[in-house]
There are 2 protein chains.
Amino acid sequence: MTQILRMSNLYAPTLKEDPSDADIDSARLLLRAGMLRKAASGLYTFLPLGFRVLKKIENIVREEMDASGAQEILMPVLQPAELWEESGRLNDYGPELMRLTDRHDREMCLGPTHEEIIVALVRNELRSYKELPQNLYQIQTKYRDEIRPRFGLLRSREFVMKDAYSFNATQESLQETYDAMGKAYGAICERCGLDYREVEADGGQIGGKVTTEFMALAESGEADLVYCSCGYAADAEAGACLARPTLYEVDAMEKIATPDVHTIAELAAFLNIPESSTVKALSGKDAEGNLVCLFIPGDHELNELKIEGLVPGFTLLTDEEMISFGLCKGSMGPVGLPEGARIIAATSLQAIPQWVVGANEDGYHYVGARLGEDFQVDEWADLATVKPGDCCPTCGLPLEGARGIEVAQIFQLGDKYSRAMGATFMDEDGEEKPFIMGCYGVGISRTLAAIVEQHNDEHGIMWPLSVAPAHICVVPLTVGDAEVQPMAEKIAKDLAELGFEVVIDDRDERAGVKFNDADLIGWPVQIVVGKRGLKEGKVEMKLRRTGEKKEVALDALAEMMGFARRAMRDNVLHGAGTGAFAAIFG
Amino acid sequence: MTQILRMSNLYAPTLKEDPSDADIDSARLLLRAGMLRKAASGLYTFLPLGFRVLKKIENIVREEMDASGAQEILMPVLQPAELWEESGRLNDYGPELMRLTDRHDREMCLGPTHEEIIVALVRNELRSYKELPQNLYQIQTKYRDEIRPRFGLLRSREFVMKDAYSFNATQESLQETYDAMGKAYGAICERCGLDYREVEADGGQIGGKVTTEFMALAESGEADLVYCSCGYAADAEAGACLARPTLYEVDAMEKIATPDVHTIAELAAFLNIPESSTVKALSGKDAEGNLVCLFIPGDHELNELKIEGLVPGFTLLTDEEMISFGLCKGSMGPVGLPEGARIIAATSLQAIPQWVVGANEDGYHYVGARLGEDFQVDEWADLATVKPGDCCPTCGLPLEGARGIEVAQIFQLGDKYSRAMGATFMDEDGEEKPFIMGCYGVGISRTLAAIVEQHNDEHGIMWPLSVAPAHICVVPLTVGDAEVQPMAEKIAKDLAELGFEVVIDDRDERAGVKFNDADLIGWPVQIVVGKRGLKEGKVEMKLRRTGEKKEVALDALAEMMGFARRAMRDNVLHGAGTGAFAAIFG
């Protein structure tokens, strides 16, 4: 039988005031509700109620991972730096990798991710294609030395992750595991009650070209994303360029005087055309110092992630460097660029036969500059950051924009790590081949914060049933009363026997204090037991999410709750359980 | 329903040979059984089967902790060094404390224990005696930078611990929590199937004078302990001095020539008396360099832990130092020691009126030196290490000796940390008082190793039911056979539906390979499904622990296993479940 939690000795110190250093709703509410405490910058302690939620999310993740056929293991957090040298990431990873030297002066690091350790683990043990695929996962504390830890659990230095690594013999097999993980992650988000989008993303320090992020939609999110009613969604940093430049048609290329025009906004205003009809020019240099000129639709911004992928070491030119290359700031264009300049333009501009561009001469621009005749482009590429209003690449409708919290990400790594670290298997045809790998991460503590970001109101948290620290809070209005107290205890006991997780607020506090705390902590259901109600054989039931209240006869309580319990079992398996009590309040 | 594990895709790479670097049975067997792998010195990965055992132990610990009323939390592993400065342990802890500096050059450490963090957590939140007692625990990875990691999980650098900290208002309340934890720890050891002893111990770096260790008896253990049939037990390093020196009686003190006698053994042989009738002398100096002379029964050894507690900074004199103090090596005694020497003798010698001791003159000893007449003793103290054969301090019978693995320890800390860190509460009488604290640790990964040390034979591991990676292994002898394979699958499914954890060895391997692996991994029950047996409607059941085999009719299997399942539920709640199948084999 589940133990009944008692508020009288539960270590859940709620706070009356908002903590001064909470910079986001989830941190503020988790601190106020006595679920979380800050131990130091970016380091938190989960108090009993916060810990219960963390464990529930962990168990949902574990269940979905096990159902997918993945196997749970536990690797060390502490990793020898040598392994990171082997993979080539020791320097790439930068100062976010926490390092230390042990007492024998060996360099170690605290794992932010475990590709190196797991490749070293399997490389002498998984030998044949017959033993593949394998998908191994762990749930563990991870480390990232954030330069500025903030937003509570969203950017902390120590956090709980589920990380999985698959070893496949072929790309097709990897795709199958990747798809299975995507499906499991969708189920995890559903069961945690998250409104989320699967978005195209970028591999970052992990690597891999095919990667999907699972974004919980939230205004407070750090990521910009675009999505469409057709189902398409992408991280704005990584989405394919979906800009729709508009044509400004003239008969032939014409050089026009544009006095005092130095920006796209000024140019568009001067010509009385939309910014999307102009072409923005940017100049930079590659790692060797060679000139690179970029052109994108006037209403877009250059995406630094994308240009770095295309031109490693790319940096924008300073004003002095522009002058030394003979470029004209504020009036740059593709016509008459210096010899040897590498010209790259946004793919979306390919459809525009005539461009409005700078004339490489201060105070002058061209309109109607003809692609292929007046100027050439060396390369077409995806250069701009997607933004709301751009065309959906799938269906063509305008994209919507949103902000999101990245709670999970899946990657197709290919042979990046297995090749670098010499991890091979014997293929069907007797050939030694590097493993094809995938990796799959869920931020467990991040998910907890994302749930709070999505499920709160001015009174506090509104936990989905599936992850609530307990399902039902029984509130005796007068503790010690000869009728109220025993009846509250009996109701709590009966509900616990039905399989609910129950807390009883047996503190000798005023009703207002109890109600406020119950709303702040966010128990999904409250059952209030008072003297007056009992006289009529009734208690009051309240749904935290909707605020609905209902008087329920004691006679009917057990049956109704039994019904809700069965509904809940069903509900939390296929979602967050939010509808379990609908029938009672319906 | 529990999922059925399949050997065909389980990541459990068993090894045919003993790994060369395994220096203890548990490490050797866990590696060979494909449950554990070494990632680096003192760092291990738990593979799926090892992880399942780890989780089971963790859950037993969690259940017993929750039942005791303790509440689970999760504190950060990474701790600011400032907190350790506050408590005064930053330097005391020594090089076993793993340290690092973060990117902002702040000193941090990886927690080997969490007194500092938890005192900082509660010190501004637990304010009144009304909120006490509280007992908060966590299950977490901990760190100790062992100078020479060895013995697999027993001396690793990263390990899983359950650590609990209690905050009490009074010593009486602390004693209650301490006793409750002792009871919970006994239950944990029982349920894990450990043959263990609760022993008096020493506080070490944690501190605290009242402390008990839970020792799993094992020849490979690093600790010496003594115990008695009456229930008394102690760590030999820490046990009260229970020596029984014997009297060698003469009429009066007599100085006798003892040519070539320099050791206790030589002296006893020369006088033809037992070593326990002589008195061993040792000379040392305190931190200030003052002479300290120690006397203990001749058959005992000085306990360094005890003398360090009594004379901080104590070191034994070198030969040169002895000469400079005017002492005579090989013939030291309490009669005529240099002026100012601090003379400390073992309490057990207090009962001996006449001593056999050195005469402080080369080649001479005294017999019958009279305590209080011929010489004086400044202090009586517990100085010697207990050894088997010494008297039990409770009942007087001779003590037995054993070696043990320390799997858990409980401490009464008193106000050591709360006072140093200014953590106080308001007492009933309105006074601010420091919390009275206790702390309570269980080595989870250590317990796993201890279980293997106690439960193995020449074929492999013999897991107790309560912690086995699965309960029953179904072995179809011919995979793919039209009768054997489906019947094995059906039996596995039926057993899983009964609530057993089942693994099926569906690998296309020879029977011998499967039997060897099943014994090595140590599934408690094996059910062998073969062609010949099926013809007679029978399968073979084998108990791993006893090696007993029994033919069971398919008709009777379900009923018998249902019976065993019910017996097991009962058994594992009150022990390791070893007897659950007794009825079937009885």
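Just after helix H6 of chain B, the backbone of this predicted model does something worth a look: B:Gly193 adopts a positive phi of about 75°. The helix that comes before this glycine covers residues 171-191 of chain B. With 21 residues at 1.5 Å each, H6 of chain B should span 30 Å, and its end C-alpha atoms do lie 30 Å apart, so expectation and model agree.

Many readers will want to know which side chains of this helix are hidden. The buried residues of H6(B) begin with B:Ser173, B:Leu174, B:Thr177 and B:Tyr178, continue through B:Met181, B:Gly182, B:Ala184, B:Tyr185 and B:Gly186, and end with B:Ile188, B:Cys189 and B:Arg191.

The serine at position 173 can also be followed in chain A, where A:Ser173 belongs to helix H6 (residues 171-191). A:Ser173 has a relative accessibility of 15%, and because buried means under 20%, A:Ser173 counts as buried. Once neighbours within four places in sequence are set aside, A:Ser173 is in contact with A:Pro133 and A:Asn168.

Turning to the arrangement of the two chains, chain B is superposed on chain A by a rotation of 180° with 0.0 Å of shift along the axis, at an RMSD of 0.1 Å. The two copies are therefore related as by a two-fold rotation axis. Within chain B, the residue that comes closest to this axis is B:Leu100, whose C-alpha is 2.6 Å away. The interface fits this picture nicely: 100% of the interface residues of chain B are interface residues in chain A as well, so the copies meet through the same surface.

Terms used. Residues are numbered from 1 along each chain as its sequence is written. Chains are lettered from A and ligands numbered from 1 in the order in which they are written. This is a predicted model: local features need pLDDT of at least 70, side-chain atom pairs count only at pLDDT 80 or more; totals for chains, interfaces and linings use all residues. Side-chain values use heavy atoms; hydrogens and water are left out. Helices (H or I, at least four residues) and strands (E, at least two) are DSSP runs, numbered from the N terminus. Buried means under 20% relative accessible area, exposed over 50%, partly exposed in between (1.4 Å probe, protein chains only). Contact means heavy atoms within 4.5 Å. Copies are superposed by least squares on the C-alpha atoms of residues with pLDDT of at least 70 in both. The expected span of a helix is 1.5 Å times one less than its number of residues.
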